[in-house]
Amino acid sequence: MKKISNVFWISVVFLIILVIMGVSLPEWFETATANVGNLITSSFGWYYLILVSAIVIFCIFLIVSPLGMIRLGKPDEKPEYSTISWFAMLFSAGMGIGLVFWGAAEPLSHFASDPPLAEPGTKEAIKESMRYSFFHWGIHAWGIYALVALALAYFKFRKNEPGLISATLTPLLGKYAKGKIGIIIDILAVLATVIGVATTLGFGAAQINGGLAYLFGIPKNLTVQVIIIGVVTIFFMISAWSGLGKGIKYLSNTNIALAIGLLLLMFIVGPTIFILNLFTDTLGSYLQNIIQMSFRMAPVRPEDREWINSWTIFYWAWWISWSPFVGIFIARVSRGRTIREFLLGVLLLPALVSFLWFAVFGTSAIDVQQAGNVDLTKLATEEVLFGMFSQFPLSDILSIIAVVLIGTFFITSADSATFVLGMQTTFGSLTPPNSVKLTWGILQSIVAIILLYSGGLQGLQNALIAAALPFSAIMILMGISLYKSLMKERKELGLYIRPRTKKPTKND
């Protein structure tokens, strides 16, 4: 039996208290999370923008520097998983449900309802809608994941430290990383993970409900969403019980197959040429404007600032709150890869797939809205995808595939989270006991239900923003700690950008 840490018991007690508050005082809970969310977005928006941009710059530095040659493991170690399975697992864990939920809805909103700068419904709004969708789901998002994952993989597989967030801070904290300070850090990581994953499960349940309502007329309410969460919980418990090498791996490969199938089918029946043209134009516009978008704060335009708070700051908080979960999981499946290979894979491949996804589904939604046969903006966010499908051939097939895909992404995300939470609360064990994983599986499902009950989708967003802020400070320390350790190893290995002309001294 694996030893269970104090992080487990303290985190469980805290979450039980959170659940009790959500059940007994739902209106107060909704108001409190809304106030905290508003305070953070209005006071710390600048901080999120600078932090995330700095993370991306740091990742690019590691890719182009000689440090990229360092392997996440022993010098001659080979990757544990094939490149295809590795990519499938990191992508399914990192983006799955979110892409299906927002793939059509976000570009549509930026075009027809709430553009960043342009007038709604204009040609300029079309370009803006896709550019900002690329921005929110592209390199910045995956840079956040990459930093946490790289630090964990490096210290775990290269330095033989426990697979814990606190262990990555050993170069800074020394013995305190294994004491009370380390416990507090790991508790914050666990709580951010639970709230981040629970929020996404809430989105997934709402969209599955929306799809079933569209297909079969099933009522769209909390009761149905609770039943959906309950059914999916049973499935991901079974998957979690089977272990990482079977359950998550097979589910991730299934996700990729279903996602590719849905993407290709929509590409064929949708406005194909418009999709290709807009994708090409937007990709160039995204690269051209990435610096301006990264630091856009609109200090003298309150209406633009509100948009940034609602979209960009929300997304940065979402990715940060998910980063301990996705980072630990990506680290676990990335053993044996070099830092350069790891960062190129994590930053570029999933971002490119996200761009293709938004190009296909976002462009199709905009095309439907422009045709005027149906007003997709009148639909709830979770129904937009299915409302769009109804305007194309094979709509029932597309909707069924989408519902199944959301379900498998749902299971994979929850399954991966139970593994990560189990690992974090058993001193970094790579094989946490099933009892611990099942406990976390039940708890994160209950938290998802409570968040839906107390505040709906807006409550989910507020909880995310609140959970992300404390963990963002830990991310800064992780980056400093990783850099310090890598620079020390650079000297030991003699990794220099250009040949040395003299023998290194202690001062070099």
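Which residues does I165 touch, not counting residues up to four places away in sequence? I looked this up in a predicted model.

**Entry 1: I165.** I listed its contacts beyond four places in sequence. I165 touches V148, L152, I185, D186 and A189. I165 also touches I328, Q424, F471, I474 and M478.

**Entry 2: the core.** I then turned to the largest nonpolar core, which has 169 residues. I165 is among the members that touch the most other members. W318, F361, M388, F389, W440 and F471 are listed with I165. I noted that F471 is also a contact of I165. Next I asked which helix gives the most to this core. Helix 17, residues 434–493, does, with 19 residues.

**Entry 3: helices 1 and 2.** I checked helix 1 (residues 6–24) against helix 2 (residues 26–64). Their axes come within 5 Å and cross at roughly 115°. I therefore logged helix 1 as roughly perpendicular to helix 2. Helix 1 brings L18, M21, G22, V23 and S24 to the contact. Helix 2 brings P26, W28 and F29. By class I have 6 nonpolar, 2 polar and no charged residues.

**Entry 4: helices 5 and 6.** Helix 5 spans residues 105–113 and helix 6 spans residues 123–137. I found their axes 8 Å apart, at an angle of about 140°. That angle makes helix 5 oblique to helix 6. The crossing is right-handed. From helix 5, I noted E106, P107, H110 and F111. They meet A125, I126, S129, M130, Y132, S133, H136 and W137 in helix 6. This contact has 7 nonpolar, 4 polar and 1 charged residues.

Technical notes
Residues are numbered from 1 along each chain as its sequence is written. This is a predicted model: local features need pLDDT of at least 70, side-chain atom pairs count only at pLDDT 80 or more; totals for chains, interfaces and linings use all residues. Side-chain values use heavy atoms; hydrogens and water are left out. Axes are lines fitted to C-alpha atoms, for helices over the stretch in contact, and angles run from 0 to 180 degrees between N-to-C directions. Helices (H or I, at least four residues) and strands (E, at least two) are DSSP runs, numbered from the N terminus. Angles under 35 degrees count as roughly parallel, over 145 as roughly antiparallel, 65 to 115 as roughly perpendicular and the rest as oblique. A crossing is left-handed if the near helix is turned anticlockwise from the far one by less than a right angle, and right-handed if clockwise. Contact means heavy atoms within 4.5 Å. Ala, Val, Leu, Ile, Met, Phe, Trp, Tyr, Cys and Pro count as nonpolar, Asp, Glu, Lys and Arg as charged, and the others, Gly among them, as polar. A nonpolar core is a set of buried Ala, Val, Leu, Ile, Met, Phe, Trp, Tyr and Cys residues joined through side-chain atoms within 4.5 Å. Buried means under 20% relative accessible area, exposed over 50%, partly exposed in between (1.4 Å probe, protein chains only).
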